[in-house]
Amino acid sequence: MRDLSADSELRHLSLNTATVRKQGDLLEILSAAGRHGISCVSPWRDQVQAVGLDKAVRAVREGGFRLSGYCRGGMFPADAARRAEERDDNRRAVDEAAALGAPCLVLVVGGLPQFSRPGSVPIRDIDLARDQVEDGIGALAEHAAAAGVPLAIEPLHPMYAADRSCVNTLRQALDICDRLDPDGALRLGVAIDVYHVWWDPEVYDQIARAGAGGRIHAFHLCDWLVPTKDLLNDRGMMGDGVIDLPRLRRAVEAQGFDGACEVEIMSDHLWSRPMDEVLATMIDRYRTVC
Ligand code: ZN
């Protein structure tokens, strides 16, 4: 297991730019990251679009940044009228990830069609939504492989099943990978986010399964606060909650994962704090509690 306390150059830390999304645009976030010695980031599509893809690519290159991922593609479930929009949108996400040099495109796969692709005819059939997710990933996989951008399915906590992701466990995500990409040639894999998987009694078995298949593309860190006051925007800084972060990291690294520990915290509280303060705390916690 890597010793993060000795990582003076922050070689294994990545900043998911959602963590400070309210404090500045992507260019401001990159320059703050640079000030703090952070050299790896994972930007979000809306943040890239806000400054323009060309500018974002240039800022990443000129700042000497690596990426640990690109957030996000997905939201596959859609009614027939919105299917083409979904397919185009996801192919564009792959192309943007390739332009930015991202090592994977994170997929938040979507829930029921009316929430994944608003305007879709409402349904209650979550099995159908799950079928649409698998079809959508299957339809995207060749394009992604050709672009050299591995797809990383991120299972989300079941409280998001309706609106954000009907893939809620690592087992489900890996089953999709195995069905669509049995020999690994398409490089389908998973993003393991501690926030979404820590509660799962199967998580350690499934991390081992993911590792054996070479399917761990990303590892996301934050913490689970008790009580959690908001379903989306009350995630905790590492060390402020109840997740056994070192145990999960040890399990992931035992599978040979040597990618970044990507800190991704959506938090109204942290968004109200100065960017430099959040980044300084994040670096401290990265070294002391992860
Ligand atoms: Zn995540």
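In the predicted model, helix H3 (residues 53-62) buries Ala56, Val57, Ala59 and Val60. These four residues lie on the same side of H3, because the arc they cover around the axis is only 165 degrees. This arrangement fits the geometry of an α-helix, in which residues three or four places apart point the same way because there are 3.6 residues a turn. The other side of H3 carries the exposed residues Asp54, Arg61 and Glu62. Packing partners of the buried H3 residues are helix H1 (26-35), helix H2 (45-51), strand E3 (66-67) and helix H4. After H3 comes Gly64, which has a positive phi near 70 degrees.

The strands of the model form an open sheet of 9 members with parallel pairing, in the order E3-E2-E1-E9-E8-E7-E6-E5-E4. E3 and E4 each have a single partner strand and stand at the edges, so one side of each lacks a neighbour in the sheet.

At the E4 edge, strand E4 (residues 70-74) runs parallel to E5 and is joined to E5 by 4 bridges. Within this pairing, Tyr70 has Leu105 as its bridge partner in E5. E4 and E5, together with helix H4 (residues 83-100), make up a right-handed β-α-β unit. In strand E5 (residues 105-108), the side chains alternate: Leu105 and Leu107 point one way, Val106 and Val108 point the other way, and all are buried. E5 also pairs with strand E6 (residues 151-153) in the parallel sense, over 3 bridges, with Val106 opposite Ala152 of E6. E6 in turn pairs in the parallel sense with strand E7 (residues 189-193) over 2 bridges, and here Ala152 stands opposite Gly189 of E7.

A zinc ion is bound by the protein donors Glu154 (OE), Asp193 (OD), His220 (ND1) and Glu264 (OE), at 2.0 to 2.2 Å. Along the chain, these donors follow the spacing E-x38-D-x26-H-x43-E. Asp193 belongs to strand E7, whereas Glu264 is in the loop between strand E9 (261-263) and helix H11 (268-271); the pair therefore ties together parts 71 residues apart in sequence. Both Asp193 and Glu264 are buried. The arrangement of the 4 donor atoms is irregular, because the angles they subtend around the zinc ion extend from 87 to 152 degrees. A tetrahedral assignment would require all angles to lie between 85 and 135 degrees. For reference, the ideal angle for four tetrahedral donors at a metal is 109.5 degrees.

Definitions and conventions
Residues are numbered from 1 along each chain as its sequence is written. This is a predicted model: local features need pLDDT of at least 70, side-chain atom pairs count only at pLDDT 80 or more; totals for chains, interfaces and linings use all residues. Side-chain values use heavy atoms; hydrogens and water are left out. Buried means under 20% relative accessible area, exposed over 50%, partly exposed in between (1.4 Å probe, protein chains only). Two strands pair if DSSP finds at least two bridges between them. A crossover is right-handed if, with the strands pointing away from the viewer, the path from the first strand over the helix to the second runs clockwise. The arc is that of the directions from the helix axis to the C-beta atoms. Contact means heavy atoms within 4.5 Å. Donors are N, O and S atoms within 2.8 Å of the metal (3.2 Å for Na, K and Ca); water is not among the atoms, so sites may look incomplete. Four donors count as tetrahedral if all angles lie between 85 and 135 degrees; four count as square planar and six as octahedral if opposite donors are over 155 degrees apart and all others between 65 and 115; anything else is irregular.
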